[in-house]
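Reader: I am new to this structure and would like to learn how to read it, one feature at a time. Could we look at it together?

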Amino acid sequence: MKLLVTGGAGFIGSHFIRHVLRKYPGHSVINLDKLTYAGNLENLREVEREPRYRFVHGDISDAAVVRDAMRGVDAVLNFAAESHVDRSILGADEFLKTDVLGTFTLLEAARELRIPRYVQISTDEVYGSVEHGAVRENAPLRPSNPYSASKAGGDLLVSAYWATHRLPVLITRSSNNFGPNQYPEKIIPLFITNALEDRRLPLYGDGRNVRDWLYVLDNCAAIDLVLHAGVPGEIYNIGGGTEVENIVLTRQILRLLGKPESLIQPVKDRPGHDRRYALDCHKIHSLGWKPAHELGAALAETVRWYKEHEAWWQPIKSGEFKAYYAKQYADRA
Ligand code: NAD
Ligand code: TYD
């Protein structure tokens with residue numbers, strides 16, 4: 001199978017590429033990535049010399065580049081996105097361009113080239129905050145921030161291409177991922193790396209917001225299953241099944257690092273902060289997937305990775321990230 005993966009230099013996409021090349025000797029991968037601040041070719045060092053892997057530097061909103069990269073592939077997996085809620089609050093332009101217009105550009109090319117399978121990588125955040133129970137795939141979309149709204153826009157276009165053009169699309173909506181290679185703007189790698197440097201951990205609001213954590217390799221296994229065995233036109237929720245309050249998660253990280261809780265710094269809440277996400281995952285469970293990694297062990301493994309890969313995150317934290325962090329947390333202190 002010949003795959004086009006977009007956004008493959010980012011966190012989840014790079015794990016997915018390595019997973020596919022390792023597991024399927026007959027599969028090849030073209031990785032189309034714009035290399036925004038979040039794209040990092042270091043994530044793909046292990047496969048860069050692999051003949052079944054090819055990197056194309058380009059934007060998913062560029063129709064000519066997309067058509068070129070997509071010609072002759074058996075499936076497209078769209079991981080490319082602006083992915084951080086706090087950045088979407090500072091400015092949403094790029095979110096609309098990539099998450100909505102970029103998705104549209106991919107769908108148009110896939111329709112024109114009659115691509116047999118298109119998988120959109122989406123998020124539980126499109127459902128908005130879930131105060132009680134868990135949401136199924138047919139729940140209404142109620143995004144509360146520009147990031148989740150732009151992802152919801154992409155999802156609606158994908159569904160429309162199924163209804164109107166019968167483009168064989170599938171959508172995965174996963175809960176919060178964590179693991180090695182995650183850009184240190186998201187809570188887990190931010191808190192691990194800050195703690196390693198004995199810096200404060202900015203915990204938003206009362207710290208009691210709930211996220212359902214999913215180890216990145218479990219998400220890759222689920223996406224793999226949806227790619228190979230999912231039913232076209234269907235949406236699949238992918239949840240870790242481990243709901244944790246941010247304060248509990250923060251204490252667990254500090255414990256793993258042997259750092260004091262005095263590093264926790266309560267800061268002003270994120271505007272529009274979703275209280276809780278919770279997915280009903282019956283559909284993906286019946287397809288034959290369950291998370292294989294337990295949160296405690298996977299978190300310990302993740303902490304170990306950041307401890308051992310300072311050379312990966314130090315240049316990031318002292319580069320572009322520095323100005324972003326100052327801006328982000330200046331008005332929250
Ligand atoms: P990331 O921010 O780490 O990586 C995004 C990648 O997309 C980067 O390599 C970047 O260079 C690339 N990219 C951005 N704009 C592009 C464009 N216009 N053209 C081509 N490439 C572009 O993101 P991630 O955490 O790996 O998330 C991957 C996907 O999974 C996203 O669609 C995100 O919405 C979704 N998702 C993420 C999570 C999570 O917890 N990280 C949870 C659920 C869903
Ligand atoms: P994040 O990792 O940004 O993922 P998302 O907003 O997509 O769920 O945030 C996860 C949770 O952690 C969310 O409730 C916001 C909170 N948070 C903090 O308390 N402090 C931080 O510095 C960050 C980045 C997040």
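Author: This is a predicted model, and we can begin with a single residue: leaving aside its neighbours within four places in sequence, Asp155 is in contact with Gln120, Ser122, Val126, Ile171 and Arg173.

Reader: Which element holds Asp155, and is Asp155 buried or exposed?

Author: Asp155 belongs to helix H5, which spans residues 146-165. A residue counts as buried when its relative accessible area is under 20%, and because Asp155 has 0% relative accessibility, it is classed as buried.

Reader: Which side chains make polar contacts with the side chain of Asp155?

Author: Ser122 is one of them, with a polar contact of 2.9 Å between the two side chains, and the side chain of Arg173 is likewise joined to that of Asp155 by a polar contact of 2.9 Å.

Reader: How many residues surround ligand 2, and which are the closest?

Author: The shell has 19 residues, the closest being Glu125, Arg211, Arg270, His273 and Tyr329; sorted by class, it has 8 nonpolar, 5 polar and 6 charged residues.

Reader: How far are the polar side-chain atoms of Arg270 and His273 from an oxygen atom of ligand 2?

Author: For Arg270, an N or O atom of the side chain is 2.5 Å from an oxygen atom of ligand 2, while for His273 a polar side-chain atom lies 2.7 Å from an oxygen atom of the ligand. Of the 510 Å² of accessible area that ligand 2 has on its own, the protein covers 98%.

Reader: Where does ligand 2 lie with respect to domain 1 and domain 2?

Author: Ligand 2 lies between them, because domain 1 (2-177 + 213-238) and domain 2 (179-211 + 242-272 + 294-325) both give residues to its shell.

Definitions and conventions: Residues are numbered from 1 along each chain as its sequence is written. Chains are lettered from A and ligands numbered from 1 in the order in which they are written. This is a predicted model: local features need pLDDT of at least 70, side-chain atom pairs count only at pLDDT 80 or more; totals for chains, interfaces and linings use all residues. Side-chain values use heavy atoms; hydrogens and water are left out. A residue is near a molecule or strand if one of its heavy atoms lies within 4 Å of it. A polar contact is a pair of N or O atoms within 3.5 Å; within protein, one must be able to donate a hydrogen and the other to accept it, and residues adjacent in sequence count only if both atoms are side-chain atoms. Accessible areas come from the Shrake-Rupley method with a 1.4 Å probe; for residues, only the protein chains shown count as cover. Ala, Val, Leu, Ile, Met, Phe, Trp, Tyr, Cys and Pro count as nonpolar, Asp, Glu, Lys and Arg as charged, and the others, Gly among them, as polar. Domain bounds come from an automatic or database domain assignment. Helices (H or I, at least four residues) and strands (E, at least two) are DSSP runs, numbered from the N terminus. Buried means under 20% relative accessible area, exposed over 50%, partly exposed in between (1.4 Å probe, protein chains only). Contact means heavy atoms within 4.5 Å.
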